[in-house]
Amino acid sequence: MSAHKQPLDRLAMNVDPSVRRVSSWGRLSNELHSLVPLNDRTALDVALTKSAAQGVAYGNGRSYGDVCLNPGGKLWTTRGLDRFISFDTTNGVIDCEAGVLLHEIIRVALPHGWFPPVTPGTQFVTLGGAIANDVHGKNHHSAGTLGEHVQSLLLRRTDGAMIECTPGKHRDWLEATIGGLGLTGLIVRARVRLKKVPGPWLHTEALTFRSLAEFFALSMQSERDWEHSVAWIDCIAGKGGITRGVFFRGNHVRHDAVARAPRPRTVPLTPPMSLINGVSLRLFNCVYFRANKLRSGRRLSHYVPFFYPLDNLLEWNRIYGPRGFYQYQTVVPRAVEREATAELLAAIGRSGTGSFLAVLKTFGERRQGGLLSFPMAGTTLALDFPNLGDRTTRLFERLNAIVLAAGGRIYPAKDACMTREMFVRGYPRLSEFLGFRDPGISSAMSRRLIGS
Ligand SMILES: Cc1cc2nc3c(=O)[nH]c(=O)nc-3n(C[C@H](O)[C@H](O)[C@H](O)COP(=O)(O)OP(=O)(O)OC[C@H]3O[C@@H](n4cnc5c(N)ncnc54)[C@H](O)[C@@H]3O)c2cc1C
């Protein structure tokens, strides 16, 4: 399957060919949905009407949990909304439909010296999906979230209304829709200001660290001079109170080397059980840490391996086996970030479970783009966990207690099991947001966390 396609189950066709089994990236469920492709305005007018059943938008299914799912109901698939409307190559403002992938924007914009101002760890997300989760990247401290760079949105409500929102017009709708989890209406198109870059290259540095204190010192140092920074941590080493990891930082740089796109590989099948367990994890973490220690230092990196290392292994989500996996991503506020992060890592270390994908990053002091945007000034930790049933959910209960006590929150884009209490306490502007909800839209997540 190509990276551009959605993880929709091609074999599970029923009598009605539009009814298919659909998973999100975590592959925790695989329920039947009625798919409604939105390829143009006419399809949109037919699908999004007051009389039709509730549905929710599905971009490219790169969310891990149930934010983009609606089992037994309608999914409005948006990849057909893939037209570029305009691109001002002088000022870097691009206007396109919401189903365009970041990958496609880069392909068009980079030859003119422009790049997405904020990018998540995969380029295979749609613009609409990225706005609806108000995604962040490795440059949160210097650029905030994607929502900060959105100049306008065209929002289609299920009562037929079209709302053009900009920071100067219908700003309230803009703030509700950025990070609005697809619940305020369907984003038809968006205008985004891109970032000027000298080309596809970055000047990068990798540094190993052996304690959380070292991580925080590196983060603080890097925030001034490095546009992008992120750390990988060994979540198992935390067991004895030690946290080791690799700190990566990078700045865009001009260079004449010819960029050769790496050829992605694909995980060919789903193994009968998760390949991630205590033994494989320990081995991987040990090798990864040592390899980076040997190779640490400055180098020139192409933007693909620096921003999107996982995009070179297509369908890597299969390695967790048929039961799928969770991602737990939390942020804890600056005032308590050291103690709370240490507690989270200790609890994860004690559990003996976790993943080779463990990411630690500080978020900067930025204005919150959307009413439900995830980032806040502090530290974010993101880890994948194979789905081990009760064992995993019991661990999450322990982690949730630490996050709640710290005044932090969980990222909906990654979530499949946060409680309603966690959501309400983590997102204090929720009641304000509810005034903007579109009653014709409902997702598995909205029913779980908001009750409808
Ligand atoms: C390998 C990997 C790395 C990642 N790294 C990061 C990261 O660093 N930072 C980060 O923030 N996220 C990260 N993510 C998460 C990902 O960026 C988000 O989940 C993103 O929103 C997925 O976009 P999508 O197009 O696949 O949307 P989907 O997952 O299909 O949908 C996401 C949400 O958007 C809504 N939506 C989709 N299209 C529209 C539309 N046109 N109008 C209204 N609502 C819409 C859906 O209803 C749903 O609520 C990562 C994901 C993966 C798989």
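## Basis of the model

Contact here means heavy atoms within 4.5 Å. Helices (H or I, at least four residues) and strands (E, at least two) are DSSP runs, numbered from the N terminus. This is a predicted model, in which local features need pLDDT of at least 70, side-chain atom pairs count only at pLDDT 80 or more, and totals for chains, interfaces and linings use all residues. Residues are numbered from 1 along each chain as its sequence is written, and side-chain values use heavy atoms, with hydrogens and water left out.

## Helix α7

Helix α7 covers residues 278-295, 18 in number. From first C-alpha to last it reaches 26 Å, close to the 26 Å expected at 1.5 Å a residue (the expected span is 1.5 Å times one less than the number of residues). Its buried residues (under 20% relative accessible area, 1.4 Å probe, protein chains only) are L281, N285, F289 and N292. Seen down the axis, they fall within an arc of 70°, so they line one face of the helix. The arc is that of the directions from the helix axis to the C-beta atoms.

That buried set packs against β12 (201-209), β13 (228-233) and β14 (245-252). On the other side, V279, L283, V287, R290 and L294 are exposed (over 50%, with partly exposed in between). At the start of α7, a side-chain oxygen of N277 comes within 2.9 Å of the backbone nitrogen of S280. Just after the helix, G297 has a positive phi of about 130°.

## Nonpolar cores

A nonpolar core is a set of buried Ala, Val, Leu, Ile, Met, Phe, Trp, Tyr and Cys residues joined through side-chain atoms within 4.5 Å. The largest has 109 residues, and L38 and I131 make the most contacts inside it. Helix α10 (residues 390-406) gives this core its largest share, 7 residues. A second, separate core of 10 residues includes L110, F115, V197 and Y303.

Beyond its neighbours within four places in sequence, I131 touches L146, V150, L153, T177, I178, G179, I187 and A190.

## Ligand surroundings

The ligand has 36 residues around it, each with a heavy atom within 4 Å. A57, G59, S63, T126 and Y411 come nearest. A backbone N or O atom of G59 lies 2.7 Å from a ligand oxygen. For N60, a backbone N or O atom lies 3.1 Å from a ligand oxygen. Y411 uses its side chain: an N or O atom there is 2.7 Å from an oxygen of the ligand.

Terms used:
A polar contact is a pair of N or O atoms within 3.5 Å; within protein, one must be able to donate a hydrogen and the other to accept it, and residues adjacent in sequence count only if both atoms are side-chain atoms.
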